[in-house]
Amino acid sequence: MNNNTTFKLRRRALDIKQTELLKHASATLGSGNLREAVKLPQGEDLNEWIAVNIVDFFNQTCMLYGTISEKCTATSCPKMCAGPKYEYYWSDGRKTISCSAPEYVDYLMTWVQEQLDDESSFPSQIGKPFPANFMTVAQTIMKRLFRVYAHIYREHFDYIEQLKAIEHLNTSFKHFVLFVTEFKLIEQKQLAPLQDLINKLVWSS
């Protein structure tokens, strides 16, 4: 991956129901109440709600990483780290490798895109059932997207400050944490690299 790579934002062929859910999410977010925004709307399908929000979080994470990508190079970030204690290794199910942060993010975003484009995993047609393993796939996606937030906060926060983008990053991350907590999509230990920030940003406010 070269440093000019930009990830394409996911545009699902949304059916009417999914479009309504997305509008509901946007309207609730607009109220400023993130805790209410993550809750499953009454009478709606849980898998559908999670799927629509995962697409949104994927797009947000792509954009946030895009803001720091020129500073995140194989030279500046030879490993995918979140501070000195945490290094992430990429696994495709066959082999596990240590790689630079931009390589890792490229692998990650490409993999997520493939999941979202797979109709058997993320059906876009109304009435088409979600697979039995959907929640497992959703958990893996969100666990991996968290790692992008962790890398941005721990390795590129100064640059985010320079860009005056801290408020945007914090709001996106708070929404993300509230969502994964509401639906138990990430194990507590996976959040450890940013636990202090989560305690301050999410639970003390």
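Lys164 is exposed in this predicted model, with a relative accessible area of 75%. The residue sits in the loop that links α5 to α6, and its phi angle, near 55°, is positive even though the residue is not glycine. A second lysine makes a good companion to this one. Lys184 is located in the loop between α6 and α7, and here too a residue other than glycine has a positive phi, near 50°. Lys184 is exposed as well, at a relative accessible area of 66%. As background for these two angles, most residues other than glycine have a negative phi.

Stepping back from these two loops, the overall fold can be described. The protein contains seven helices and four strands. Along the sequence their order is α-α-α-β-β-β-β-α-α-α-α, with the four strands placed between three helices before them and four helices after them. Of the 205 residues in the protein, 47% are buried. The accessible surface amounts to about 10,600 Å², and carbon and sulfur atoms account for 50% of that area. Among contacts between residues at least 6 apart in sequence, 73% bring together residues at least 24 apart.

The interior comes next. In soluble globular proteins, nonpolar side chains tend to be buried together. The largest nonpolar core in this model has 60 residues, and the members that touch the most others are Met142, Leu145, Phe146, Phe173, Phe176 and Phe179. At least two residues of this core come from each of α3 (46–68), α4 (101–117), α5, α6 and α7. Helix α5 provides the largest share, with 14 residues.

Two phenylalanines give a closer view of the packing. Phe57 belongs to helix α3 and is buried, its relative accessible area being 0%. Beyond its neighbours up to four places away in sequence, Phe57 touches Met142, Leu145, Tyr149, Ser172, His175, Phe176 and Phe179. The pair formed by Phe57 and Phe179 spans 122 residues of sequence, yet the C-alpha atoms lie 10.0 Å apart. Seen from the other partner, and with residues up to four places away again set aside, Phe179 touches Val38, Trp49, Ile50, Asn53, Phe57, Met142 and Leu185. Met142 thus appears among the contacts of Phe57 and also among those of Phe179.

Helix α4 offers a further example through Trp111, which is found there. Outside the four places on either side in sequence, Trp111 is in contact with Trp90, Thr140, Ile141 and Arg144. For one of these partners, Ile141, the separation from Trp111 is 30 residues in sequence and 8.8 Å in space between C-alpha atoms.

The last helix, α7, has two distinct faces. Across residues 195–203, the buried positions of α7 are Gln195, Ile198, Leu201 and Val202. These four lie on the same side of α7 because they cover an arc of only 135° around the axis. Exposed residues Asp196 and Lys200 are carried on the face turned away from that buried side. The buried residues of α7 pack against three other helices, namely α2 (34–37), α5 (134–162) and α6 (166–182).

A final group of residues comes from a database record. In an unreviewed entry, UniProt lists Cys72, Cys77, His151 and His156 under "binding site". These residues are spread over 85 residues of sequence but cluster in space, with a largest C-alpha distance of 9.9 Å. Cys72 is placed in the loop between α3 and β1 (80–81), where the residue is buried at a relative accessible area of 0%. His156, by contrast, lies in helix α5. With 5% relative accessibility, His156 also counts as buried, because this value is under 20%.

Contacts of His156 link the listed residues to one another. Leaving out residues up to four places away in sequence, His156 touches Ile68, Lys71, Cys72, Cys77 and His151. The side chains of His156 and His151 also form a polar contact, at 3.1 Å.

Technical notes: Residues are numbered from 1 along each chain as its sequence is written. This is a predicted model: local features need pLDDT of at least 70, side-chain atom pairs count only at pLDDT 80 or more; totals for chains, interfaces and linings use all residues. Side-chain values use heavy atoms; hydrogens and water are left out. Buried means under 20% relative accessible area, exposed over 50%, partly exposed in between (1.4 Å probe, protein chains only). Contact means heavy atoms within 4.5 Å. Accessible areas come from the Shrake-Rupley method with a 1.4 Å probe; for residues, only the protein chains shown count as cover. The arc is that of the directions from the helix axis to the C-beta atoms. A nonpolar core is a set of buried Ala, Val, Leu, Ile, Met, Phe, Trp, Tyr and Cys residues joined through side-chain atoms within 4.5 Å. UniProt positions are given in the numbering used here, feature names are shortened, and annotations may be inferred rather than shown by experiment. A polar contact is a pair of N or O atoms within 3.5 Å; within protein, one must be able to donate a hydrogen and the other to accept it, and residues adjacent in sequence count only if both atoms are side-chain atoms.
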